[in-house]
Structures are given as C-alpha cells and as structure tokens.
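Me: Could you take a close look at one part for me, the largest pocket, and tell me what sits around it? Keep it informal, but spell out the cut-offs.

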Amino acid sequence: MRKCAKFEEYIPGKSVEEIRERLGLEKVVKLASNENPYGTSPKAIEVLKSFEDLHRYPNPEYRALREKLSEYTGWETERIVVGAGIDGILETVFKILIDEGDEVLIPIPTFQYYRILARLHCAREILVSRGEDFKIPENIFEFLNEKTKLIIVPFPNNPTGNVEKKRLIEELVNSTRAIVFIDEAYIEFSDEKLEIDSDNLIVARTMSKAFGLANLRVGYARLPRWLLKFYRSASTPFPVSTLAERCSIAALEDLEWMKSCVEKIKKERERLFNELKKLVNPFPSQANFIFFKARKGLAEDLLMRGVIIRDCQSFGVEGYRVTVGKPDENDFFLEKLRELT
Ligand code: PMP
C-alpha cells in the first residue's frame with residue numbers, strides 16, 4: 001500500500017433489491033441516490049436495444065458526443081473531455097494535479113467522494129465549514145495559500161441543495177492560481193447558473209441526473225486549454241463505452257424529454273418542500289433532492305417501512321436527504337414520515 005494514502009470506501013445509497021430481500025417488504029421506494037425517477041429518454045433506450053458493437057473498443061476521441069455536448073452547453077468542442085461520470089473526471093483531475101502534501105480545499109458538508117480522493121492522493125484536506133445557510137463562507141479566502149492546489153465548488157451542493165453567491169465564486173477564481181473545480185452535477189434543476197470561465201477553472205457535468213443515464217457512467221467537463229494534454233495523458237484510454245456515448249447522444253437529441261422531467265421534478269420539489277415543512281425542518285433546494293433536519297434514527301425507521309433515504313452523517317452533517325421522486329413515491333414517503341413524526 002502507498003504509505004501516504006488513506007483508504008476509505010464510498011458508501012452508496014442502498015438498493016431496492018437489497019432492502020426488499022433483507023426486510024421481506026413488498027413495497028420499497030428508493031429516494032436515496034438522486035436518480036431521475038422517470039427513467040431514461042425512450043430514444044436512448046432504442047439505441048441501447050439496437051447496439052451491436054460490444055466486441056469493439058470505443059473510438060477514444062468521442063468526437064460525436066463532444067460535439068453534441070458543445071451544442072448543448074455552448075462550450076467549445078475542443079475543450080470538452082468525457083469521463084466515467086463526474087467521479088471519473090475528478091479522479092483524473094486528482095491524478096494530474098495532486099502531489100503529496102498539496103492542499104485541497106473542500107467546503108463541508110458535501111459529497112464524500114472529494115475527500116476520498118484527497119486522502120487517496122495524499123493531499124492535505126482543508127475542510128471549510130459552511131455557514132447556517134450552507135453557503136461557502138465569505139472567509140474562504142483565509143484558507144488559501146501557495147500550497148492550495150484544488151478548490152472544490154459543487155453548484156448546487158450535495159446534500160444541502162443550495163447554490164453559491166456568484167460574486168464570491170468569481171472572486172475566489174480570480175484570487176488564486178489553484179484550480180477551481182465546479183461540480184455542476186445538478187445544474188439542470190437549478191434556476192441559478194454560474195456561467196464563468198477562466199484559465200484555472202474546470203466545470204464538470206453529468207448525464208447521470210437530469211438525463212437519467214446514471215448506470216451508463218458518462219460525465220463531461222470543460223477544461224482550460226493548457227490542461228487538455230495532461231488530462232488526455234492521465235485519463236484511462238477508453239473511459240466511456242461506445243454504447244454509453246451513443247445513448248448519451250440520443251438523450252441529448254431529445255432535450256424535450258429531459259426538460260419535461262426537470263419541470264415535473266421541480267414542481268414536485270416545491271410540493272414536497274411544503275409538505276416537509278409541516279413535519280420537519282427542510283432547506284430550500286436548487287437540486288433534485290431536499291435536505292432536512294429531523295430526529296436521530298429516522299432513516300433507519302423509514303427503511304423498516306420501505307423508504308430508502310440518505311442519512312447525511314457520512315457527508316459530515318446531522319440530517320437527511322430525500323430525492324424528489326414521482327408524486328406517488330413522494331406520497332408514500334410522506335405517509336411513512338407522518339407515521340414517524
Ligand atoms: N458530484 C456530485 C455533487 C454528486 O452528487 C454526484 C453523484 N452522487 C456526482 C458528482 C457523481 O456523478 P456521476 O454519476 O457523474 O459520477
């Protein structure tokens with residue numbers, strides 16, 4: 001084992017099958033992994049069913065997908081890279097940038113995988129506590145120094161669902177030579193967008209959430225030009241399968257489907273938030289999940305009744321995160337929550 005590395009496993013949301021089997025329950029609803037409850041665009045499913053080239057390696061340029069992503073985002077094709085989810089992109093970025101002892105600045109609570117990678121790469125984690133509203137605090141600048149190599153900014157944040165002040169992020173990007181990694185996994189659900197660019201900025205997005213392709217593992221990012229050749233050298237040669245590439249293209253050609261899901265989810269997010277307010281202490285969200293504070297042990301009690309939500313202790317905060325599901329799934333969750341509060 002590498003001596004400087006610390007090894008810690010990622011804890012995924014529990015699966016419906018696991019809980020059904022373990023507890024012998026007939027009905028189990030999973031609202032724990034921020035997936036799209038409406039599934040996947042039928043156009044992508046058609047591509048999946050007709051795909052025949054499983055025995056071939058992918059073309060590692062991923063030109064067709066990067067061109068489609070350029071159309072969708074307005075980013076230059078040349079600056080877009082694709083990876084095995086944002087997870088895979090983060091992994092490659094850490095590989096390129098982090099020497100032992102480099103500082104990685106992570107505002108917490110947040111998505112655990114950032115810390116797992118920092119530890120694995122022998123970085124010093126600089127954990128900046130978010131304030132009461134979970135926004136990155138104004139004093140973040142005090143944590144910057146010449147050893148700061150990477151700053152992680154999820155927009156919106158997981159598990160709290162909030163976005164950041166645009167001015168603060170712009171100032172942050174301008175006041176450091178470190179790379180700022182903006183994780184926009186949930187951007188399609190957010191009314192606020194950052195839309196900034198700089199030579200020290202990476203913006204990453206995914207096909208896993210709004211596009212409903214979590215199982216295909218497709219993420220993408222816009223890199224500064226100078227970083228591209230390093231990224232290509234450090235990435236695994238074929239991070240995305242041709243099947244995943246073609247399904248992603250089909251999903252990107254069916255934006256109407258994605259947008260209609262986002263609209264339904266945002267409407268449900270509002271209803272769920274208002275219902276939660278009557279029972280617990282929810283926080284406003286710009287993502288496809290809601291963070292709330294409630295008594296200890298609630299996630300376990302809901303699990304016994306067939307509802308999987310996320311206990312956020314592993315994110316570094318007391319509270320729970322529930323993914324916005326379909327109306328009937330949310331009703332089932334609310335019904336069980338009412339029984340327990
Ligand atoms: N970033 C954040 C903030 C997330 O919540 C997630 C998914 N849990 C990811 C990245 C990983 O996304 P992907 O499926 O693209 O690897």
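Reply: Here is a walk from the pocket out to the parts around it. This is a predicted model, so local features need pLDDT of at least 70 and side-chain atom pairs count only at pLDDT 80 or more, while totals for chains, interfaces and linings use all residues. Residues are numbered from 1 along each chain as its sequence is written, and side-chain values use heavy atoms, with hydrogens and water left out.

The largest pocket has a volume of about 920 Å³. A pocket here is an open set of points on a 1 Å grid over the protein atoms alone, where a 1.4 Å probe fits and protein lies on both sides within 12 Å along at least five of seven lines. Grid points are joined across faces, edges and corners, and the volume is the space filled by probe spheres set on the points. The lining comes to 37 residues, each with an atom within 4 Å of a point. Nearest the pocket centre are Ser33, Glu35, Ser208, Lys209 and Ala214. By class, the lining splits into 16 nonpolar, 12 polar and nine charged residues; Ala, Val, Leu, Ile, Met, Phe, Trp, Tyr, Cys and Pro count as nonpolar, Asp, Glu, Lys and Arg as charged, and the others, Gly among them, as polar.

Where does that put the pocket in the chain? Domain 1 (16-40 + 256-340) and domain 2 (42-255) both give residues to the lining, so the pocket lies between them. Those bounds come from an automatic or database domain assignment. The two domain centres, taken over C-alpha atoms, are separated by 25 Å, and 29 residues of domain 1 are in contact (heavy atoms within 4.5 Å) with 30 residues of domain 2. Helix 4 (85-97), helix 5 (113-120) and strand 13 (320-323) each supply at least two lining residues. Helices (H or I, at least four residues) and strands (E, at least two) are DSSP runs, numbered from the N terminus.

Strand 13 leads to an open sheet of four strands, ordered 9-10-13-12 with antiparallel pairing; strands pair if DSSP finds at least two bridges between them. Strand 9 (281-282) and strand 12 (310-311) are the edges, each with a single partner strand, so one side of each has no neighbour in the sheet. Four bridges tie strand 13 to strand 10 (289-293), and Tyr320 in strand 13 stands opposite Phe292. Helix 9 (255-277) lies across strand 9, strand 10 and strand 13, running at about 10° to strand 10. For such angles, axes are lines fitted to C-alpha atoms, for helices over the stretch in contact, and values run from 0 to 180 degrees between N-to-C directions.

Then there's the other sheet: seven strands, open, in the order 2-8-7-6-5-3-4 with mixed pairing. Its edges are strand 2 (80-83) and strand 4 (124-129), each with a single partner strand, so one side of each is left free of a neighbour in the sheet. Neighbouring strands are turned by 25° against each other on average, direction ignored. Strand 3 (103-108) and strand 4 run parallel, joined by six bridges, with Ile108 opposite Ser129. Helix 6 (166-174) packs on this sheet, touching strand 5 (148-154), strand 6 (179-183) and strand 7 (201-206), and its direction makes about 165° with that of strand 5.

Back to helix 5: the loop between strand 3 and helix 5 holds Pro109, and the peptide bond from Ile108 to Pro109 is cis, with omega near 0°.
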